[in-house]
Amino acid sequence: MYAQQPPTPPRVDPAELRPGRAGYWAGGLAIVLGGIAGIVLFVFFIARAVALPDLAVEVPGSGEGAFSHTPGTETAIVALYSTSALGSPDDCGLVAPAGEPVGFSDPGFTHETAEWTLVGAASPQESGEYTLVCEGARDASYAVAAVPADFGMAGDIAGALAAFFLIPLAGLALGLILIITTAVRRGKHRKRLIAERGGYPYRG
């Protein structure tokens, strides 16, 4: 006596399942776009962190130039740049609006671009017109720029790190949610169709 074979489960074409496969594509796209956006913003913030700030005035090795300065959150420091890597804070000085001299000191870190090197920093407290006076190398130029106390780098570096880690993670989380939700809903729909075609109750 042969054992009775169980009936073959009703066939369900994957094209019948709802929702469609768009959720898989949307989830994959969210993951990819999150990674791309994170990399693009990381590069943007790093480039801005190392970019040369707007120069207020530029003078030759021995010369002077006037510029206006108003101390504030975004202009707390007057940074001294030189086209010579051998420049020093002693090469230049500032004359405040009231005529008092303001010296430059060692900035405590380096910042270099293709042409300019950070060589000094000062914190003038008076608003008005200043004069940059330099007696440096003849083959060098000097310039000053008003920058935040942290030279604007802390915020940009924090933004770069957030972009590199948080945005891709957010894209990954969103993508996985879309993919898993789509898979679960399609699986439930498949079970319901099989139950309906097999003639037995569906228990979702």
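**Helix H2.** I began with the length of helix H2 in this predicted model, which runs over residues 153-198 and so holds 46 residues. At 1.5 Å a residue I expected a span of 68 Å, and the C-alpha atoms at its ends turn out to be 67 Å apart, which agrees. I then looked along H2 for a bend and noted a kink of about 35°, centred on Ala-163. Past the end of the helix I checked the residue that follows, Gly-199, and found its phi to be positive, near 80°.

**Gly-171.** I stayed in helix H2 for Gly-171, which I entered as buried because its relative accessible area is 8%, under the 20% cut-off. Leaving aside neighbours within four places in sequence, I found Gly-171 in contact with Ala-30, Ile-31 and Gly-34. These contacts made me look up the range of helix H1, which is residues 22-50. I also took one long distance from this glycine: Thr-131 is 40 residues away along the chain, and the two C-alpha atoms are separated by 51 Å.

**The salt bridge.** How many salt bridges does the structure hold? I counted 1, and it is formed by Asp-156 with Arg-48, whose closest N and O atoms are 2.7 Å apart. The pair links distant parts of the chain, since Asp-156 belongs to helix H2 and Arg-48 to helix H1, with their positions 108 residues apart. As general background, I reminded myself that side chains of opposite charge can pair when their charged atoms come close. I next asked how accessible each partner is: Asp-156 counts as buried because its relative accessibility is 8%, whereas Arg-48, with a relative accessible area of 45%, is partly exposed.

**Asp-91.** I turned to another aspartate, Asp-91, and placed it in the loop between strand S3 (77-82) and strand S4 (92-95). Is Asp-91, at 16% relative accessibility, buried or exposed? I entered it as buried, because 16% is under the 20% cut-off. Beyond its neighbours within four places in sequence, Asp-91 is in contact with Val-133, Cys-134, Glu-135, Gly-136 and Tyr-142.

**The largest pocket.** Last, I looked up the largest pocket, in which about 320 Å³ of space lies. It is lined by 22 residues, and those closest to its centre are Pro-53, Asp-54, Ala-146, Val-147 and Pro-148. I then sorted the lining by element and found that H1, strand S2 (62-69), S3, strand S8 (141-147) and H2 each supply at least two residues.

Note on methods: Residues are numbered from 1 along each chain as its sequence is written. This is a predicted model: local features need pLDDT of at least 70, side-chain atom pairs count only at pLDDT 80 or more; totals for chains, interfaces and linings use all residues. Side-chain values use heavy atoms; hydrogens and water are left out. Helices (H or I, at least four residues) and strands (E, at least two) are DSSP runs, numbered from the N terminus. The expected span of a helix is 1.5 Å times one less than its number of residues. The bend at a residue is the angle between axes fitted to the seven residues ending there and the seven starting there. Buried means under 20% relative accessible area, exposed over 50%, partly exposed in between (1.4 Å probe, protein chains only). Contact means heavy atoms within 4.5 Å. A salt bridge is a side-chain nitrogen of Lys or Arg within 4 Å of a carboxyl oxygen of Asp or Glu. On a 1 Å grid over the protein atoms alone, a cavity is a set of points where a 1.4 Å probe fits but cannot get out, and a pocket is an open set with protein on both sides within 12 Å along at least five of seven lines; lining residues have an atom within 4 Å of a point. Grid points are joined across faces, edges and corners, and a volume is the space filled by probe spheres set on the points.
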